[in-house]
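Dear colleague,

Please find the structure we discussed below. My notes on it follow directly after.

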Amino acid sequence: MAQTKSPSRSSLDRFSPINLKPVQDDAWSNIFKPPPNETAEEKRERIARQQEAQRVSREIDEGILESKKLLDKKKKAIKVLLLGQAESGKSTMLRNFQLAFCPTYFHGEALIWKTIIQLNLIGSVKKLLSIVEDELEISGPRSRSPTGSTSSSLSDHHRRTRMRLLPLLSMETNLTRQLLPEHYDPLRTPEICVRAGSGWKTVLEKVTLERRVHPTGQRRPMTSDGRSKDDPTLVLAASKNDIISLWEDEIVREVLKRRGVRLEDSPGFFLTDTARIATVDYEPTEADIVRARLRTFGVEEHRFLQDNGSEWYIYDVGGSRSMRPQWVPYFDDVQAIIFLAPLSFNQVLEEDRQVNRLEDSIYLWKEVCSNPLLARANIILFLNKMDILQKTLAAGIKVATYVPSYGSTPNDVENVTKYFKEKFRAYHKRLSPRPRTFFCHETSAIDTKATQAVLAGVRDGILRHHLEELNVI
């Protein structure tokens, strides 16, 4: 017969003799015990503190729960990375995506992009004036030949035009300093640029509105329509004729050609649109906004909610070499990568003039294809800036001069595109950790209609792949 073990004395001591409930004598319970000789007022204050602590605790718990719900929801969303070197067209492609699938959001930022476009125009003028200044220093006064024709050197007319346009440059510097207040150095950051997550859109919108509406108590010169005299709209309108005459000047064009400078191939080029943009009533078109150039440091996250209910996150990353280490954290759980590779076979990197742009794109492509973190992601190649490739080849520039392996293959768009497409395809097949389909599109991101048609197909393909991964279809 099993013996019943009597409770020990020490265990019985833990219960009170009346109701046998545990005695609350642990340190934690002592914290909440009322102090001895507590007054009614002290009791009310103590209870109020406890209630406040409980309220804060509930808010923290609710916040953690809400964050968990958002995280779970984000895990189910479609995540797309835009990758490529600096100036490959990532931000331009992003704006095409916004225009195609979130037009209300796209048009809601028109005021911001108007200022960016004006600054792009000023940036091109800045480059042009720099070349004119260098030429004036080395060419001396313009002289006439015995036949009466003029030489190709610049004259006092060009010098005066340059002096009249100089106020545009200080305007660009002031706004850039506002957008990038930390460690601003115009020599290191010669173009307007922003840091991701810095609230630059809010800053730019504020600055733009301040120039349109006179702030109370501020003695800033104003025009009759309420605009500030340092508004780029007014300064550009006043400088329009000088900009056009300088850009269309035959001697200036000769100087640019002799120096091998093609400003029209630069991102954010609007010099040929000066007559339309440098007016007081200018409003940017959709194509203008897509073409606008704004350099971004860091990684920007953009959320899109599609009509079919699917949620998308697109990450636009900085493409310069110093920014590339920041890409890796975004590789986890990404469904697709849109990789932009301009066929700029005759250009070099801005941060390293010894590196060919196309060689750098191929190097990046190999790194992305072989990365094990991206083994399950679809990689979609956009051979971008086909319009510039066509102009480059039409100018008689030979691919073989920069890419000796191209050999004697015909120097036309079709053959050049086919040659590099096969190079990218071969690396994709050889380096991918697991078999996957090779997707490639030839694009010109500033051609909004054609690009949006491509993006619609890409979006449907990514969505189909995502649903397959979730075993929905």
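Asp265 has a relative accessible area of 12% and is therefore buried, the limit being under 20%. Please bear in mind that this is a predicted model. Asp265 sits in the loop between helix 11 (250-258) and helix 12 (274-277). Its side chain makes a polar contact with the side chain of Arg262, at 2.7 Å.

**Annotated positions**

Asp265 also appears in a UniProt record: the unreviewed entry lists Asp265, Ser266, Asn384, Lys385, Met386, Asp387 and Ala445 under "binding site". These positions are spread over 181 residues of sequence, yet they cluster in space, with a largest C-alpha distance of 13.9 Å. From this set, Asp265, Ser266 and Lys385 belong to the lining of the largest pocket.

Lys385 lies in the loop between strand 7 (378-383) and helix 15. Its relative accessible area is 18%, so Lys385 counts as buried. The backbone of Lys385 deserves a look as well: its phi is positive, at about 60°, although the residue is not a glycine. A positive phi in a residue other than glycine is also found at Glu87, where the value is near 70°. Glu87 is placed in the loop between strand 1 (78-83) and helix 4 (90-101).

Met386 is part of helix 15 (residues 386-394). With 11% relative accessibility, Met386 is buried. Leaving out residues up to four places away in sequence, Met386 touches Leu343, Val413, Thr417, Glu442, Thr443 and Ser444.

One of these contacts, Thr443, may be followed further. Thr443 is located in the loop between strand 8 (439-442) and helix 18 (448-469), and at 4% relative accessibility it is buried. Neighbours within four places in sequence aside, Thr443 is in contact with Met93, Phe382, Leu383, Asn384, Lys385, Met386 and Val454. Among them, Asn384, Lys385 and Met386 are positions that UniProt lists for "binding site".

For "binding site", the unreviewed UniProt entry also lists Thr296. Thr296 belongs to strand 3 (residues 295-297) and is buried, with a relative accessibility of 14%.

**Aromatic rings**

How many aromatic pairs does the model hold? The count comes to 10. In one of the pairs, the rings of Trp365 and Phe424 have their centres 5.6 Å apart and their planes at 80°. Why is this pair edge-to-face? The angle of 80° is over 60 degrees, so the pair falls in that class. Trp365 lies in helix 14 (residues 357-370) and Phe424 in helix 17 (residues 413-431), so the pair ties together parts that are 59 residues apart in sequence. Both Trp365 and Phe424 are buried.

Ring pairs also link Phe97, Phe101, Phe304 and Trp312 into a cluster.

**Charges over rings**

Two arginine residues are placed over the face of a tryptophan ring. Arg95 lies over Trp113, at 4.3 Å from the ring centre. Arg253 lies over Trp247, where the distance to the ring centre is 4.2 Å.

**In brief**

The listed positions from Asp265 to Ala445 cluster in space, and Lys385 joins a place in the lining of the largest pocket with a positive phi. Met386 and Thr443 are in contact with each other, and the pair of Trp365 and Phe424 ties together helix 14 and helix 17.

With kind regards

How values were computed: Residues are numbered from 1 along each chain as its sequence is written. Side-chain values use heavy atoms; hydrogens and water are left out. UniProt positions are given in the numbering used here, feature names are shortened, and annotations may be inferred rather than shown by experiment. On a 1 Å grid over the protein atoms alone, a cavity is a set of points where a 1.4 Å probe fits but cannot get out, and a pocket is an open set with protein on both sides within 12 Å along at least five of seven lines; lining residues have an atom within 4 Å of a point. Helices (H or I, at least four residues) and strands (E, at least two) are DSSP runs, numbered from the N terminus. Buried means under 20% relative accessible area, exposed over 50%, partly exposed in between (1.4 Å probe, protein chains only). A polar contact is a pair of N or O atoms within 3.5 Å; within protein, one must be able to donate a hydrogen and the other to accept it, and residues adjacent in sequence count only if both atoms are side-chain atoms. Contact means heavy atoms within 4.5 Å. Rings of Phe, Tyr and Trp (its six-membered ring) pair if their centres lie within 6.5 Å; planes under 30 degrees apart count as stacked, over 60 as edge-to-face and the rest as tilted. A charge sits over a ring if NZ of Lys or CZ of Arg is within 6 Å of the ring centre and within 35 degrees of the ring normal.
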